[in-house]
Amino acid sequence: MAEPTWPRHALSIGVFEFRRSVRALWQDKAQLTLRAFGMVIPSLLTLAVTIVFADAIRNIEAFAVPDMVRGMVALFWLFGVYLIAQRVVSARPRINAESLMLTTVSARTVAFGLLVAEMLRILAYAGFPILVLTGVSVFLLGSPVSLILLPVAAVLFAATVVVAGSAVGYAVALLVATSPFVARHKTILGTAATLLAMSGYFLFLYPQISGLSQAALAWVPIGWLADLAVVGTPFVGSSLRAAGVIAGSAVLLIVGGILVERETAVFWFIEPVSPDTEGSVSALEQTAEKENPRPATRDSLAAAVTPLVVPRFVSTPVRRVAEWALMRTRRDPNRLMFLLIPVFAIGSPLVSTAVQSGSIGALGAPLTAVALPWLVGSLFAMNPLGDEGAVLPVTLTAVSGDHYVRGLIVPGLVFGLPIILLVTSLAGLVSPYTIGEQLGLVILSGYLTVVAVIVSPAIGMAFPRFSAISVGQSRDVLPPRMTAVAAHAVLILLPGALLAALLVAPRVARTVLAGVFGFAPTILLELLNSSPYGIGILSTAAGTFHAVGENIQAIGLDQLQIIGGGTLLIGGVLCSYVLYQNAVHRFNRYVPS
């Protein structure tokens, strides 16, 4: 039963939680700078465009709001619901000082306080852009009513996203807490759900790929916020839809709020199931085993990683290390999210450029052949010493360096290599490349996978992380160091991309090499030489680099493929051997501090 003053208490909790988030962000200057750029740069670009085209904006002619705009709003809303749901499941399923809060105020108060805090975070992030758009609408489009309606539309968008996403997130968290099957396989199920959601998002975001236009989502009522936002402006929306989105948002907030309250009341007061509950043997099975004794085929560690099975031909110490690495990865998926940062940072611009230029088929197979091996190589051994935690001294004395490093390599080879070969083959089938080039990309993907999984233990041991960090309410997330991730990416992605280019686009590879090692340094040195502090030696160096670029451009394509590709392949083999031995040496000589 909620206390009579629960709305005021919920608002206080929400404001307090929001202030805690602001203080934590203020202490992390790097993250604060990145988020500030994310808020300020789009707003400044909008402001600059507004100033340049102010006269044209004032004289804009009236036209109806297209379904494409409504669909775009709905698409971003659905994506926001997914992000909030994922955040609730992985980072913020509970409030700080949970025992104190739940014995002081009602569960409803706490649940709505968390909703308020999340709404305030979204509005703080989007506040500056909304302020700029409101100013444009009021002063250039002559719509004083936008001073109210645009902020109202923004608040409704944020509130409905948070409530709907939280309802979905708590439902998933409750399922994980009550279902042994889901608890055991949450990493696999979560990865599949993420891939499905992202695939659906990109299908609508890039209609050039699927033919599905964003206008197909115009029927989603939340997309009618576009009609509400343009009231009073030269853009003509539907008054009925504008009224409908207000009523629909109110219904969603009420129903979603009730669902969140019910879900949290159950989730916060139950004992979560153990992931091993499903694997326990029933009394009937135990009786049958006594009547028909048979040798045990699986121990507890092997059972913990099912349905994944490390082959029996692998020696026992190596198999144990491999199973231990698999179990850690499956039970602690939060740390793997950090690996997606470079994936989105590098992959999103490439995919967007390929889609816009119509070359997604040509890019897909090489990108798969290069990026997936790097990702698989990063999954299990980017922080092996730190992942051992308190049992590291036992591990150091229980297994040799050779067995330990091989155990870290086995999961990537046994489970990652077949998947990468299959995916690269499928990507090659829809690419414009010849059969020989497709086969070459498949072989390249296998080669890069082997190299990536072999070199990762040495990199992870060179840049270990022993101190856990805080992600939302999770205080013990131990991701790999970004230095290790970046070093591994440099060793795999750069040579891999060059090998792929030499295979399917040798002219492009030759031009890039000439630019990097010849013409780019030439331009830089000439600019420095043209300054008041220029010296004669810079001009000579510029000429030397220019000659290097011209010499590279003069190399025959066949010669470049044979010599350049062979050098990179041999270099990868040597690098793998050296770093493998380095990892073994580091493990054998490591002494915990």
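A search through this whole structure, a predicted model, turns up eight salt bridges. Let's work through some of them.

**Exercise 1.** Find what the salt bridge between Glu-261 and Arg-108 ties together.

*Solution.* Start with the contact: the two side chains meet in a salt bridge, at 3.0 Å from N to O. Next, place each partner. Glu-261 sits in helix α12 (residues 239-267) and Arg-108 in helix α6 (residues 107-139), so the bridge ties together parts that are 153 residues apart in sequence. Now check the surroundings. Buried means under 20% relative accessible area. Glu-261 has 18%, so Glu-261 is buried. Arg-108, at 27%, counts as partly exposed.

**Exercise 2.** Work out how Glu-323 and Arg-320 are placed in their helix, and say whether each one is buried or partly exposed.

*Solution.* Their side chains form a salt bridge with an N to O distance of 3.3 Å. Both belong to helix α15 (residues 316-331), and because they are three residues apart there, about one helical turn separates them. As for exposure, Glu-323 is buried, with a relative accessible area of 3%, while Arg-320 is partly exposed at 30%.

**Exercise 3.** Locate the partners of the salt bridge between Arg-328 and Glu-388.

*Solution.* First, the distance: 3.0 Å, N to O. Then the addresses: Arg-328 is in helix α15 and Glu-388 is in helix α18 (residues 384-388), so this pair links distant parts of the chain, 60 residues apart. Finally, Arg-328 and Glu-388 are both buried.

**Exercise 4.** Name the residues linked in a network of salt bridges.

*Solution.* Look for Asp-67, Arg-70 and Asp-227: salt bridges link them in a network.

Methods:
Residues numbered from 1 in each chain as written. Predicted model: local features only at pLDDT ≥ 70, side-chain atom pairs only at ≥ 80, totals over all residues. Heavy atoms only, no water. Salt bridge = Lys/Arg side-chain N within 4 Å of Asp/Glu carboxyl O. Helix = DSSP H or I, 4+ residues; strand = E, 2+ residues; numbered from the N terminus. Buried < 20%, exposed > 50% of the residue type's maximum accessible area, 1.4 Å probe, protein only.
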